[in-house]
Amino acid sequence: MNSDQIQALFDRIAPVYDELNTVLSFGQHRIWKQMTVKWSGAQLGDTCLDLCCGSGDIAQMLSEKVGKTGQVYGVDFSAAQLEVARDRADRRCLKPPVHWVESDVLSLPFEDGQFDCATMGYGLRNVLDILQSLKEIHRVLKPQSTAAILDMHRPDNPLVRSFQQWYLDEVVVPAAQRFGFTEEYAYIAPSLDKFPTGLEQVSLARQAGFAIATHYPIAGGTMGVLVIQKG
């Protein structure tokens, strides 16, 4: 898919995106997102960046870490996803310090060295140029700052891989079908097939200029977090 098609896809699924993620991961996606926030190193008073923020889960988790003295920027190129994120934030008793920004992550509207940390949840697999997106993250991070990137992966274990494919075919797509989004969620399997492995992501991160890069498989290798640090 091209950029416009991907953007249109996420606009369409925005109303049910968070609910489907919860159902399809048995609620585990929030645990994985908390792990990502922890690996990012976000601290009280930091200025943090959450890319491909979707409905705003990770951005709100970051806001809890940085407190009233910090700032969080949630970035997504889907206006519909950002509207959901704004609405969810507005309904909270304590309003999180989050700025919602509509932008392509391949060309971020921020200054060099602006952020203390960055996160991305389920976005790297959908960008058209992974290396360029990593270069942009590197550019906007302060020296010695860390980014943590969560995404789905094809596991190395053939049995787990077979289970993952069965789950996508027999659980994910039918569940999406009940919401009227069969085609939108059928794209997941082919996107996993072309997504770089953990080791390949580490190599790309080093090409983008990161001094330290480590990939942590989680959930039996069906998920993973790439943790990268700027020199």
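In this predicted model, helix H10 (198-207) gives three residues to the lining of the second largest pocket, the largest share from any one element. Helix H9 (188-194) and strand E6 are also among the elements that supply at least two residues of that lining. Of the 17 residues around the second largest pocket, His153, Arg154, Asp156, Thr197 and Gly198 lie closest to its centre.

The largest pocket has a lining of 24 residues, and those nearest its centre are Leu24, Ser25, Met152, Tyr167 and Met223. Helix H1 (3-13), helix H2 (17-24), helix H3 (29-40) and helix H7 (158-178) each bring at least two residues to this lining. Helix H7 gives the most, with six.

The structure also holds one cavity of 30 Å³ or more. Residues that line this largest cavity include Tyr17, Lys33, Asp50 and Asp57, together with Cys52 and Cys53. Gly54, Ser55, Gly56 and Ile58 are in the lining too, as are Gly121 and Tyr122.

The table sets out the volumes and the classes of lining residues.

| Space | Volume | Lining by class |
|---|---|---|
| Largest pocket | about 530 Å³ | 17 nonpolar, six polar, one charged |
| Second largest pocket | about 330 Å³ | eight nonpolar, five polar, four charged |
| Largest cavity | about 90 Å³ | five nonpolar, four polar, three charged |

The next topic is the nonpolar cores. The largest one has 29 residues, and Leu49, Phe110, Leu134, Ile137 and Ile228 touch the most other members. Strands E1 (47-51), E2 (71-76), E4 (115-121), E5 (141-152) and E7 (223-229) each supply at least two of its residues, and so do helices H6 (130-140) and H10. Helix H6 provides the largest share of this core, four residues. A second, separate core has 28 residues, among them Tyr17, Trp32, Phe181 and Met223. Two of these names have appeared above: Tyr17 lines the largest cavity, and Met223 is one of the residues nearest the centre of the largest pocket.

Which residues does Ile137 touch, leaving aside those up to four places away in sequence? They are Leu51, Ala118, Met120, Ala147, Ile149 and Phe210.

Strand E7 also takes part in a pairing. Strand E6 (residues 212-218) runs antiparallel to E7, and seven bridges join the pair. Within this pairing, Thr214 stands opposite Val227 of E7. The hairpin of E6 and E7 has four residues between the strands, and Ala219 there has a positive phi near 55°. In a regular strand, side chains alternate between the two faces of the sheet.

Conventions:
Residues are numbered from 1 along each chain as its sequence is written. This is a predicted model: local features need pLDDT of at least 70, side-chain atom pairs count only at pLDDT 80 or more; totals for chains, interfaces and linings use all residues. Side-chain values use heavy atoms; hydrogens and water are left out. A nonpolar core is a set of buried Ala, Val, Leu, Ile, Met, Phe, Trp, Tyr and Cys residues joined through side-chain atoms within 4.5 Å. Buried means under 20% relative accessible area, exposed over 50%, partly exposed in between (1.4 Å probe, protein chains only). Contact means heavy atoms within 4.5 Å. Two strands pair if DSSP finds at least two bridges between them. On a 1 Å grid over the protein atoms alone, a cavity is a set of points where a 1.4 Å probe fits but cannot get out, and a pocket is an open set with protein on both sides within 12 Å along at least five of seven lines; lining residues have an atom within 4 Å of a point. Grid points are joined across faces, edges and corners, and a volume is the space filled by probe spheres set on the points. Ala, Val, Leu, Ile, Met, Phe, Trp, Tyr, Cys and Pro count as nonpolar, Asp, Glu, Lys and Arg as charged, and the others, Gly among them, as polar.
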